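Subject: Structure for you to look at

Hello,

Here is the structure I promised to pass on. Please open it beside this email, and my notes will follow underneath.

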Amino acid sequence: MGIRFLVAPTLLIGTLAPLQEWADVADTTQAQSQVAVGDVNRDGMEDVVILLATGATGSELVGLISTGTHFSRVSMWTSDSFQESASKIAAADLNGDGRGDPVVLNDAGSARTRLYEFSSTGSSFRSGFSVLDPLLVWSEIQPF
């Protein structure tokens, strides 16, 4: 089944080209993955970050890195115990280095939420700080 990523490149300001397929991620479904957008390698082009479920309890952060004409798939972080199904993903430049850093909100039980920061090196993500926030009710939060 998979997920296809289509892009309408800019021709001129205010003019878009027809949709083009830039990537086909065949090893997942929409129900087994989540997507965020950010320039993870600081090249001025938006990239796609996918949080994929791997097995019953694991996950992987995959970067679809923009070349300007297609996305190139790169595995950027993996875990055997970080569940995609208990997570919500967003991306922002958290440390001011010009790279998009994934932020994962994780269900910590008892309606609490743990926030995980993943710093982009441009070619991988480093798991950074995590913060448990008892005021963020898991069922009510929505990443931006």
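Below is what I found, beginning with the salt bridges and moving on to a few single residues and a strand pair.

Please keep in mind that this is a predicted model.

**Salt bridges**

Side chains of opposite charge can pair when their charged atoms come close. In this structure there are three salt bridges.

One of them joins R4 and E21, with 2.8 Å between the closest N and O atoms. R4 sits in strand β1 (residues 3-7) and E21 in strand β4 (residues 20-25), so this pair links distant parts of the chain, 17 residues apart. As for solvent, R4 is exposed, at a relative accessible area of 51%, while E21 is partly exposed, at 41%. The labels differ because exposed means over 50% relative accessible area, and partly exposed begins below that.

Another salt bridge brings the side chains of D27 and R73 together, at 2.9 Å from N to O. Here D27 belongs to the loop between β4 and β5 (33-38), whereas R73 is in strand β8 (residues 71-79), so the pair ties together parts that are 46 residues apart in sequence. D27 counts as exposed, with 52% relative accessibility. Its partner R73 is partly exposed, with a relative accessible area of 40%.

There is also a salt bridge between R99 and D97, where the closest N and O atoms are 3.3 Å apart.

**R99 and its surroundings**

Is R99 buried or exposed? R99 is buried, as its relative accessible area is 17%, and the cut-off for buried is under 20%. You will find R99 in the loop between β9 (87-92) and β10 (101-107). Which residues is R99 in contact with, leaving aside its neighbours within four places in sequence? They are D39, V40, N41, R42, A92, D93, S120, T121 and G122.

**L51 in strand β6**

L51 is placed in strand β6 (residues 47-54). L51 counts as buried, at 0% relative accessibility. With neighbours within four places in sequence left aside, the contacts of L51 are Q32, S33, Q34, S59, E60, L61, E84, S87, I89 and V104. For L61, which is one of these contacts, the C-alpha atom is separated from that of L51 by 4.7 Å, although the two residues are 10 residues apart along the chain.

**The β7 and β8 hairpin**

S59, another of the contacts of L51, has S79 in β8 as its bridge partner. Strand β7 (residues 58-66) and β8 run antiparallel and are joined by eight bridges. The hairpin of β7 and β8 has four residues between the strands, and in this hairpin G68 takes a positive phi near 100 degrees. Strand β8 is also where R73 is found, the partner of D27 in the salt bridge described above.

**Q142 after β12**

Finally, have a look at Q142, which is in the segment after β12 (125-133). Q142 counts as exposed, with 65% relative accessibility. How far apart in space are Q142 and L105, C-alpha to C-alpha? The distance is 8.8 Å, and the two residues are 37 residues apart in sequence.

Happy browsing, and best wishes

Conventions
Residues are numbered from 1 along each chain as its sequence is written. This is a predicted model: local features need pLDDT of at least 70, side-chain atom pairs count only at pLDDT 80 or more; totals for chains, interfaces and linings use all residues. Side-chain values use heavy atoms; hydrogens and water are left out. A salt bridge is a side-chain nitrogen of Lys or Arg within 4 Å of a carboxyl oxygen of Asp or Glu. Helices (H or I, at least four residues) and strands (E, at least two) are DSSP runs, numbered from the N terminus. Buried means under 20% relative accessible area, exposed over 50%, partly exposed in between (1.4 Å probe, protein chains only). Contact means heavy atoms within 4.5 Å. Two strands pair if DSSP finds at least two bridges between them.
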